[in-house]
Amino acid sequence: MDIYPVFCRNMSELPPKASLVVGFSGGLDSTVLLALAARLAKDGGIAVRALHIAHGLQSAATAWPAHCIQVAERLGIACQTIRVQVKLGPRVSVEAAARDARYLALADAMQPNEILLTGHHQDDQAETLLLALKRGAGIAGLAAMPKQKPFGPGQQWRPLLSCSRLSLEAYAQEQNLSWIEDPSNSDNAFDRNFLRNCVLPRLLAQWPSFNETLSRSTDLCAEQMSLAQEVAEQDLPALLNTAGGLVINGLQALSSARRANVLRHWLQLHHVHPSRSQLQAIWQEVAQARIDANPEVRLGEFKIFRYQGALYVPMPMAEPQPLASLMADQWQSCGVGQLKLSAVSQGADLNAELDPGHMRIEFQIPGLRAQPVGRVGSRPLKKLWQEYGVPPWQRAHIPLLMQGDALVAALGLFVCQEYSTSPAEAGWRMEWKESRRL
């Protein structure tokens, strides 16, 4: 069975300057993929190379790198072996840990304009969908594996998703290809192997087109996921405040389904991927908590807070570094950012009487009061933080420009009235660059 025309159709959107990297395990799927890619390279003048990731998790695998290099050479393709250490631990799936190590190594090895090809096929897609159903996944999980997605510096493509394993095996036999049979594939203790060896054969015996219909279902779920993404992207801008918080009143105006959709999207932008129950907890226990409460929900390394009617996901911040004195005309770092004071004849921020050598930067000084430019009277910093919308978790990272016991400026927020000057007068221009959060 010649599946090359199917492969070519699925590769038809290849950008003109792209080159290909084949993830080559040596098994049936990736061997067929490499043979097809080699054929395409000859027909279309496309650069192709192979990467074999050596996990070292079983003794049989020691011979695999040499086999992969030999097969690739016969196809006229260079093959590089990358050895990785798989991090194992309590309650860590060996299968998941090996996959994570493999994809991290592949991403690191890719170059700009390269597209990673992997040999996932229709049977793999069916297994992935059934595993998602087992987990109780939503449409993102039920969409299973996309045909194309961003990966490393480029993309990952799966050009064999519409091909069955039987068609791949028939092509390999016709082309006299040799491949590795991984002994671990017979271990039904792994969920995917159990589905592959015990469940899917019975389903296919009863319904021969079962994998094809499941593939259509994943395509439909992918369409719905794309639509949900578009709706969330349209809803989100109107719900964000100037500090990047998600405004709760705006969320309340949406239907429950639309609210959950945009809330999940916003969290994912912060690299938080909540389950359905966790999403409900964020809404009920944080967004809907009493007005006088300071609620939070922890999801792994992240915390979700409510502050002044909005939800926030504080990201790790740089460590503050006090400065005992300053120097003019030099960028100086205080950990959370860099400050430069320059003497200017006009357009100054601070009056000329100040001396950088007698100024310093500190953080979180209790009892300070300040009168920002344009305000009447001074107020405690705690009140000013509230007025400027500085959430509690950021306050210890606000650099305080001090002279003696007096506050000159809160960098990035305001200058105190006593030390300001008019734009037409000489003085010190203050340039502040906030460090990117970690």
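Student: What makes F7, L20, V32 and L117 notable in the largest nonpolar core?

Tutor: Of the 37 residues in that core, these four touch the most other members. A nonpolar core is a set of buried Ala, Val, Leu, Ile, Met, Phe, Trp, Tyr and Cys residues joined through side-chain atoms within 4.5 Å, buried being under 20% relative accessible area with a 1.4 Å probe and protein chains only. The model is predicted, so local features need pLDDT of at least 70 and side-chain atom pairs pLDDT 80 or more, whereas totals for chains, interfaces and linings use all residues. Numbering starts from 1 along each chain as its sequence is written, and side-chain values use heavy atoms, without hydrogens or water.

Student: Which elements give two or more residues to this core?

Tutor: They are α1 (4-10), β1 (19-23), α2, β2 (48-54), α3 (64-74), β4 (114-117) and α7. The largest share, 10 residues, comes from α2. Separately, a second core of 32 residues includes L339, A409, A410 and M430.

Student: What does F7 contact beyond its neighbours within four places in sequence?

Tutor: F7 is in contact (heavy atoms within 4.5 Å) with L33, L36, A37, L40, L117, P159 and L160.

Student: Why is α2 called oblique to α7?

Tutor: The axes of α2 (residues 28-44) and α7 (residues 165-174) come within 10 Å and cross at roughly 60 degrees. Angles under 35 degrees are roughly parallel, over 145 roughly antiparallel, 65 to 115 roughly perpendicular and the rest oblique; therefore α2 is oblique to α7.

Student: Which residues make the contact?

Tutor: L28, D29, V32, A35, L36 and R39 of α2 meet R165, L168, E169, Y171 and A172 of α7.

Methods
Axes are lines fitted to C-alpha atoms, for helices over the stretch in contact, and angles run from 0 to 180 degrees between N-to-C directions. Helices (H or I, at least four residues) and strands (E, at least two) are DSSP runs, numbered from the N terminus. Buried means under 20% relative accessible area, exposed over 50%, partly exposed in between (1.4 Å probe, protein chains only).
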